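Please give a short report on this structure. Cover the core, the helix packing and the unusual backbone spots.

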Amino acid sequence: MSAGDRTGVAPAAERDAEGRGSAGPVGLPGRSLLRVGPVSLQVRRRAVLVALASTVLLALAVLLSLCLGTPYVAPADVLRALSGAGTPYDLVVLDLRLPRIVLAATAGAAFGIAGTLIQSVARNPLASPDVIGITQGAGLAATVAITTGAAAILVAPAALVGGLAAALLLLALGARHGLAAQRFVLAGVAVAFALRALTEVVMLSADPIDGLRAQLWLIGTLAGKGWTETAWIALTLAVLLPVLAWAGWALNSSALDDDTARGIGLRPVARRIGLAATGVVVAATVTAQVGAVDFVALVAPQVARRLVRAERPPLLCAALLGALLLVLADLAGRRLFAPTQLPAGVLTAAIGGPYLMFLLVRGRRRSS
């Protein structure tokens, strides 16, 4: 089967023979065909609109977050500070608020990407790093580091190692049968419960102050963090950029069953392992930097999928919506109960908990 047959676009020779005088190549319904030299690309028009709308909303959320606080900064002063024109609020905008907001957007985008990849492999809207054990592995390692008196600079590396170790365990359990969707999710849930139980044991045996610090990390907060954490997450995404570009293309065939995928020359097991490995590396990295901010990776991909009306969550839209969700959650945590600040993880859990129940009820109705 030719590449043109697989994408639903007739080869050039057939178009010349059958459609001379037409306006040009026509894409699939709801899509546009873009051509750059010899490369043709199907673009879902609704996905482009959702991405543009999400970008605008994200920019407005960032501006609002820079304005609100004590002191309040007018939007015009925020824009002047960002442009380098110099204002009395430069310290507040550039040094106190901007690093945290940029971290929220970067971490939210990374969570959205990780959730999209993992849900696509699992073929389950309930699969996310905080459901299948990756977050719990990072949390256990971070808790051990905090409660044993390790230097603060070692907490993030320990969390990264813990998240990756949990992912390796999960892949080892799931890959024994070709990383089948149901086995992957069940193995992840089992790993998550086991690691959560171990974390509780460590916290109960620790000094109360250290246990409280570990509990705050497990909730997930952006307070006191900024450019350093952003740089680590951005560096990971930059290194993985070629892999993410491949993943965005590979997601188009992730819904195919194994026999159909092999029939068109694909290797479904290797593809699923590659997507899952990319997702868990991103999830472990971002969790190590900002803590266990739950449900962003669960909610963002599914909201993106419903807005685009696609079979699988689009990677870019999920990243933008994840960034928007975490920026708004951090803003709400700072301002809803001011001067008391709530960790961002508390707000995302307040959003994600009801959404998880909605997915469960919806799935039960469909099955019945």
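Leaving aside its neighbours within four places in sequence, which residues is valine 290 in contact with? They are Leu103, Ala107, Phe111, Gly220, Thr221, Leu222, Lys225 and Ile233. Contact here means heavy atoms within 4.5 Å.

This is a predicted model: local features need pLDDT of at least 70, side-chain atom pairs count only at pLDDT 80 or more, and totals for chains, interfaces and linings use all residues. Residues are numbered from 1 along each chain as its sequence is written, and side-chain values use heavy atoms, with hydrogens and water left out.

**Overall make-up**

The protein has 16 helices and two strands. Both are DSSP runs, numbered from the N terminus: helices are H or I with at least four residues, strands are E with at least two. Of the 368 residues, 48% count as buried. Buried means under 20% relative accessible area, exposed means over 50%, and partly exposed lies in between (1.4 Å probe, protein chains only). Among contacts in the protein with a separation of 6 or more, 70% come from residues 24 or more positions apart.

**Cores**

The largest nonpolar core holds 66 residues. Such a core is a set of buried Ala, Val, Leu, Ile, Met, Phe, Trp, Tyr and Cys residues joined through side-chain atoms within 4.5 Å. Leu117, Ile134, Ile233 and Val290 have the most contacts inside the largest core. Helix α5 (residues 90–122) gives the most to this core, with 13 residues. Another core, of eleven residues, lies apart from it. Its members include Ala142, Ile146, Ala214 and Ala288.

**Around helices α6 and α8**

Three residues can be read together here. Glutamine 136 sits in helix α6 (residues 134–147). Threonine 199 is in helix α8 (residues 181–204), and alanine 192 is in α8.

| Residue | Helix | Relative accessibility |
|---|---|---|
| Glutamine 136 | α6 | 10%, buried |
| Alanine 192 | α8 | 8%, buried |
| Threonine 199 | α8 | 3%, buried |

The following contacts leave out neighbours within four places in sequence. Glutamine 136 touches Pro129, Asp130, Ala192, Leu195, Arg196 and Thr199. Threonine 199 is in contact with Gln136, Gly139, Leu140, Thr143 and Leu218. Alanine 192 is in contact with Val131, Ile132, Gly133 and Gln136.

Two C-alpha separations add to this picture. Glutamine 136 and leucine 218 are 82 residues apart along the chain, and their C-alpha atoms are separated by 8.7 Å. Alanine 192 and glycine 137 are 55 residues apart in sequence and 7.6 Å apart in space, C-alpha to C-alpha.

**Helix α3 against α4**

The axes of α3 (residues 45–67) and α4 (residues 75–83) come within 9 Å and cross at roughly 100°. Axes are lines fitted to C-alpha atoms, for helices over the stretch in contact, and angles run from 0 to 180 degrees between N-to-C directions. The two helices are therefore roughly perpendicular to each other. Angles of 65 to 115 degrees count as roughly perpendicular, under 35 as roughly parallel, over 145 as roughly antiparallel and the rest as oblique. Leu63, Leu66 and Cys67 of α3 meet Pro75, Val78, Leu79 and Leu82 of α4. These contact residues divide into seven nonpolar, no polar and no charged. Ala, Val, Leu, Ile, Met, Phe, Trp, Tyr, Cys and Pro count as nonpolar, Asp, Glu, Lys and Arg as charged, and the others, Gly among them, as polar.

The loop between α3 and α4 contains proline 71. A cis peptide bond joins threonine 70 to proline 71, with omega about 10°.

**Helix α14 and its flanks**

Helices α14 (residues 296–308) and α15 (residues 315–335) have axes that come within 8 Å and cross at roughly 125°. They are therefore oblique to each other. On the α14 side, the contact residues include Val296, Val299, Ala300 and Pro301. On the α15 side, they include Cys317, Ala318, Leu321 and Gly322. The contact has 13 nonpolar residues, one polar and no charged.

Phenylalanine 295 is in the loop between α13 (268–290) and α14. Its phi is positive, about 75°, although it is not a glycine. At 15% relative accessibility, phenylalanine 295 counts as buried. Arginine 309 lies in the loop between α14 and α15. Phi of arginine 309 is near 60°, again a positive value in a residue other than glycine. At 62% relative accessibility, arginine 309 counts as exposed. Most residues other than glycine have a negative phi, and most peptide bonds are trans.
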